[in-house]
Amino acid sequence: MLRRALICRRRLYSTIPFDDKPFKFSRFEPCCPDSAKVAANGYVPCQAHPIPDVLGRKIEIHEPMVRPSGLRHVVACIGPDALEWTRAKVEAHRGGIIHSIDHLKNRWLKENRSTHDDKAILSTVADRPASSKTTDIIVFPEFKIYKDVNPNHLETFYPVLDTMWKDASSSLPKHVECDDMQADAFILVCTHGRRDMRCGRIGPLIVEEFERVIREKGLTGKIEVWGTSHFGGHKFAGNVIIHQRGLGGHMYGNVRQCHVADIVDRHIIHQRVIKDLWRGQVTPIQL
């Protein structure tokens with residue numbers, strides 16, 4: 001099963017539709033540079049979209065930032081006030097959804113270790129409110145939402161987890177109740193300040209800019225944007241994941257507010273992946 005998942009990944013990621021047009025900005029480049037304040041790491045302040053200089057000087061804009069590809073992204077919608085946000089690691093909140101899933105996975109691995117590909121599945125939480133007092137879980141690339149998942153009673157959601165853990169490239173079980181997401185694109189920006197202040201301060205500014213651009217372009221309802229927890233590479237802030245029907249899930253790094261309008265235009269509207277800021281594919285178009 002592990003070999004099958006690896007072959008599936010190589011096949012699905014060989015045809016990524018990278019944009020053949022040069023992107024307007026290089027990594028972490030400002031739109032209105034204050035060239036008199038260039039930092040040693042290459043950071044240049046932006047007069048139109050300011051961020052704390054002390055954080056800008058800690059952004060890595062030269063090292064390679066592409067990470068291994070995955071097959072699935074599991075997003076737990078816990079709302080903005082959940083206790084997970086008070087932890088540097090969301091899985092450290094005992095009784096939280098990620099802690100409960102990890103505990104269950106550790107038990108599962110004792111019997112299934114040889115078949116599990118741990119890098120195939122990315123799990124994060126998002127500040128998107130749940131539809132009830134428990135948790136909603138969205139699974140990509142299918143854009144399926146499982147509502148009212150109780151961290152203390154995972155029995156009903158277990159068949160989904162079991163299927164993904166056995167073979168991340170397998171189809172989701174049809175007998176578990178779920179709904180289709182209404183949005184055509186789902187944007188997640190790392191805003192996990194308890195883990196690292198670079199994403200914690202820069203991420204919310206990027207979320208606000210996405211929200212503004214989405215409103216101006218009349219795309220409200222077609223695109224959702226939320227803050228999410230750590231998914232690796234805070235030194236490459238701002239970090240963004242975009243899931244889109246027909247394009248799969250892609251991760252970007254070194255994003256600034258200055259880049260957001262062009263990202264919406266190139267990636268979401270024209271469905272072209274921006275290689276200049278690309279950190280890797282999170283999910284394929286379909287499985």
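How close do the axes of H3 and H4 come, and at roughly what angle do they cross? I started my notebook with that one, keeping in mind that this is a predicted model.

**Entry 1: helix pairs**

I looked up H3 and H4 and found that their axes come within 12 Å, with a crossing angle of roughly 55°. Angles between 35 and 65 degrees fall outside the parallel and perpendicular classes, so I noted H3 and H4 as oblique to each other. I also checked the hand: H3 passes H4 in a right-handed crossing.

Next I turned to H5, residues 197-216, and H6, residues 260-269. I read that their axes come within 9 Å and cross at roughly 55°. That makes H5 oblique to H6. For the hand of this pair, I wrote down that H5 passes H6 in a right-handed crossing.

**Entry 2: the largest pocket**

I then went looking for open space and found that the largest pocket has a volume of about 790 Å³. I counted 38 lining residues, and the ones closest to the pocket centre are Ile-121, Leu-122, Ser-123, Thr-124 and His-230. Which elements give two or more residues to this lining? I listed strand E1 (72-77), helix H3 (97-112), strand E2 (121-126), helix H4 (158-166) and strand E10 (278-283). So the H3 and H4 of my opening question turn up again here, as contributors to the pocket lining.

I sorted the lining by class and got 18 nonpolar, 11 polar and 9 charged residues. Where does the pocket sit with respect to the domains? I found that it lies between domain 1 (53-64 + 182-283) and domain 2 (72-180), because both give residues to its lining.

**Entry 3: backbone oddities**

I finished with the backbone, and two cis peptide bonds went into the notebook.

- I saw that the bond from Phe-140 to Pro-141 is cis, with omega near 20°. Pro-141 sits in the loop that runs between strand E3 (135-140) and strand E4 (144-149).
- I noted a cis bond joining Ala-237 and Gly-238 as well, with omega about -5°. Gly-238 belongs to the loop between strand E7 (223-228) and strand E8 (240-244).

I also stopped at Phe-28, which is not a glycine yet has a positive phi of about 60°. I placed Phe-28 in the loop between helix H1 (2-12) and helix H2 (53-56).

How values were computed: Residues are numbered from 1 along each chain as its sequence is written. This is a predicted model: local features need pLDDT of at least 70, side-chain atom pairs count only at pLDDT 80 or more; totals for chains, interfaces and linings use all residues. Side-chain values use heavy atoms; hydrogens and water are left out. On a 1 Å grid over the protein atoms alone, a cavity is a set of points where a 1.4 Å probe fits but cannot get out, and a pocket is an open set with protein on both sides within 12 Å along at least five of seven lines; lining residues have an atom within 4 Å of a point. Grid points are joined across faces, edges and corners, and a volume is the space filled by probe spheres set on the points. Helices (H or I, at least four residues) and strands (E, at least two) are DSSP runs, numbered from the N terminus. Ala, Val, Leu, Ile, Met, Phe, Trp, Tyr, Cys and Pro count as nonpolar, Asp, Glu, Lys and Arg as charged, and the others, Gly among them, as polar. Domain bounds come from an automatic or database domain assignment. Axes are lines fitted to C-alpha atoms, for helices over the stretch in contact, and angles run from 0 to 180 degrees between N-to-C directions. Angles under 35 degrees count as roughly parallel, over 145 as roughly antiparallel, 65 to 115 as roughly perpendicular and the rest as oblique. A crossing is left-handed if the near helix is turned anticlockwise from the far one by less than a right angle, and right-handed if clockwise.
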